[in-house]
2 protein chains.
Amino acid sequence: MAQYLAITGGVGGAKLALGLTHILSPQELTFLVNTGDDFEHLGVHVSPDIDTLMYTLSGLSNPETGWGRVNESWNFIATVRELGGDGWFNLGDRDLAIHTLRTQALSAGEPLSAITKRMFETLGVAYPVYPMSDKPVRTMVDTAQGELGFQHYFVREHCEPVVTGLRFIGAEDAAAPPSITQLLLSNELQGIIICPSNPFLSVDPILAVNGLRDALKSASAPLIAVSPIIGGTAVKGPTAKIMAELELQVSTVAVAEHYGDLLDGFIIDQTDRDLKSRCEALGVETVVAQTLMKTLDDRVNLAQTAVKFLSSLR
Amino acid sequence: MAQYLAITGGVGGAKLALGLTHILSPQELTFLVNTGDDFEHLGVHVSPDIDTLMYTLSGLSNPETGWGRVNESWNFIATVRELGGDGWFNLGDRDLAIHTLRTQALSAGEPLSAITKRMFETLGVAYPVYPMSDKPVRTMVDTAQGELGFQHYFVREHCEPVVTGLRFIGAEDAAAPPSITQLLLSNELQGIIICPSNPFLSVDPILAVNGLRDALKSASAPLIAVSPIIGGTAVKGPTAKIMAELELQVSTVAVAEHYGDLLDGFIIDQTDRDLKSRCEALGVETVVAQTLMKTLDDRVNLAQTAVKFLSSLR
């Protein structure tokens, strides 16, 4: 059966991921998710991108906040704050149950991939979802104020420090899931989609996992990326700010340059249609589409565009 | 200044403890609390008796449940159950913040006594409160179904298994807080009150702490206990059931016999006034009072009776 692999980080990527599940079955679509943002907080292991995808695909995501669970309460973290505890990272009461059970299972020696599989199944999501590695990889942000863990940079410091570099601690010792390595070698693989997540914070940690970039490049199936930059800015999050601080042009073209020889195809937003030729000048086939996903229809349409594009590249 | 020491377990003892705080200042009254019921659950360290006292003295106790925090929500544990996790021990969302911060501090090497002091202060309780020891002591219940940890017996199994014995693992290696040992040697100590907690489950673990029973006996100040048995049954909890299973007569007299030579005085309920002479036949001065504490006035009145009784025994 035809197989597709979608590579994703958190919120932006999960939107396209949801679209893809509307046109591909669990037998056709596998997800590979960033865990560079994972961290330990208040004694629990938090896997933000896995949970964002889990809540999105199970229909439990919170439409008000754009992250976390629907129908959430915040009494735990409010009390932590009242008691003078470390309250800068918002943990919802229901969300905390996920972190607690995951932490318990990790302590008992269960691999993150097995825990992830079990949790998605429990929440009724049949799609195979793999953390980028079972070994921990931690995204560290070098800033003008010194090194910060990802969540300290992203949440506690509200992305305010100027980024001077990014490192993915443990990536060299990490290994991609065997099922993913196998899928990349399979003749059934029809295409690979890098979802519109932050290339630096969400996708690069995945590409840094030992051997994974090479395995993606060697796959016979085409690989495309959807640009998270629209009209010189990011829909959400610090992508644009980080690009500027890393002295990159804040443009969809720079995203294509960043992914480089990994790309067989690139999808840019209609706002950036005049940049199509500049992307193609990099040797990357480029499709213009509506990449801003406000509605479910937008998500499904973009998924259809991506799958159609991949078939044209084979 | 005159000093009093109150020894207490959970709910029953905390009622008298609250009464005592209405007649004695934080400079006059110290609490020593059972930690034999402490356990680790879902990755957090729970200290039920310390928390019951903390919530009671800070006005945060839940009047509906009789345990836990007021204004509580239960979304965390509901989600744990939905996910198939260990949901038999109810952890409220706000309550969980206490356990989480305590666990964090314990992991960082802070002693339970220091954590307890800090938490009571944060919640505005100025009375010195000491866990019976910083080293863990665990109450194990031998039952017809095998050995059970206290909470497994008490909460998970609803006290249903027949008790054949009780053991306090770690008690021999534990040590009472130096401040308590010092207080017991002090000339300022005017009296010691064993609150009406379960003698077997809540008070015995304290008495089992290495050297503590002897130190209580050697103190020059008188020691009294308030019987938790009223009219041949317990106000709450499994005291009566356990006494029957341990082949003790379920009577306030058996409580006096159980505390034995530790007692200088004993307070029994008015319902049991015809047992006064039998208690006194054990060589223990006995006072009849209303020990059933339904209202705050009941608590304060019983506290006054206890303090007056102690002064008559000096």
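# Reading a two-chain model

Analyst: Welcome! In this predicted model, chain A superposes on chain B by a rotation of 180° with 0.0 Å of shift along its axis, at an RMSD of 0.0 Å. That is how a two-fold axis relates two copies. In chain A, Asp93(A) has the C-alpha nearest the axis, at 3.1 Å from it.

User: Through which surface do the copies meet?

Analyst: They meet through the same surface, because 100% of the interface residues of chain A are interface residues in chain B as well. Chain A brings 20 residues to the contact and chain B brings 20 residues.

User: How should I read the size of an interface?

Analyst: It is often quoted as the accessible area that is lost when the parts come together. Here, about 2,000 Å² is buried between chain A and chain B, and carbon and sulfur atoms give 67% of that. Helix 3 (75-82) and helix 4 (93-107) of chain A each supply at least two residues of the side that touches chain B. Helix 4 of chain A gives the most, with eight residues. By type, this side of chain A divides into nine nonpolar, seven polar and four charged residues.

User: How many residue pairs are in polar contact between the chains, and how many salt bridges cross the interface?

Analyst: There are four residue pairs in polar contact between chain A and chain B, and zero salt bridges across their interface. Over all chains, however, the whole structure has 20 salt bridges.

User: What is the idea behind such pairs?

Analyst: Side chains of opposite charge can pair when their charged atoms come close. Take Asp261(B) and Arg213(B), whose closest N and O atoms are 3.3 Å apart in a salt bridge. Asp261(B) sits in the loop between helix 11 (252-259) and strand 13 (265-269) of chain B, and Arg213(B) in helix 9 (residues 212-218), so the pair ties together parts 48 residues apart in sequence. Asp261(B) is exposed, at 51% relative accessibility, while Arg213(B) is partly exposed, at 29%.

User: Where do Glu245(B) and Lys241(B) lie?

Analyst: Both are in helix 10 (residues 239-245) of chain B, four residues apart, about one turn of the helix. Their salt bridge has its closest N and O atoms 2.7 Å apart.

User: Is Thr52(B) buried or exposed?

Analyst: Thr52(B) is buried, because its relative accessible area is 14%, and buried means under 20%. This residue belongs to helix 2 (residues 48-57) of chain B. Leaving aside neighbours within four places in sequence, Thr52(B) contacts Gly10(B), Val11(B) and Ala14(B).

Key: Residues are numbered from 1 along each chain as its sequence is written. Chains are lettered from A and ligands numbered from 1 in the order in which they are written. This is a predicted model: local features need pLDDT of at least 70, side-chain atom pairs count only at pLDDT 80 or more; totals for chains, interfaces and linings use all residues. Side-chain values use heavy atoms; hydrogens and water are left out. Copies are superposed by least squares on the C-alpha atoms of residues with pLDDT of at least 70 in both. Contact means heavy atoms within 4.5 Å. Buried means under 20% relative accessible area, exposed over 50%, partly exposed in between (1.4 Å probe, protein chains only). Buried area is the accessible area (1.4 Å probe) that two parts lose on being put together, summed over both. A salt bridge is a side-chain nitrogen of Lys or Arg within 4 Å of a carboxyl oxygen of Asp or Glu. A polar contact is a pair of N or O atoms within 3.5 Å; within protein, one must be able to donate a hydrogen and the other to accept it, and residues adjacent in sequence count only if both atoms are side-chain atoms. Ala, Val, Leu, Ile, Met, Phe, Trp, Tyr, Cys and Pro count as nonpolar, Asp, Glu, Lys and Arg as charged, and the others, Gly among them, as polar.
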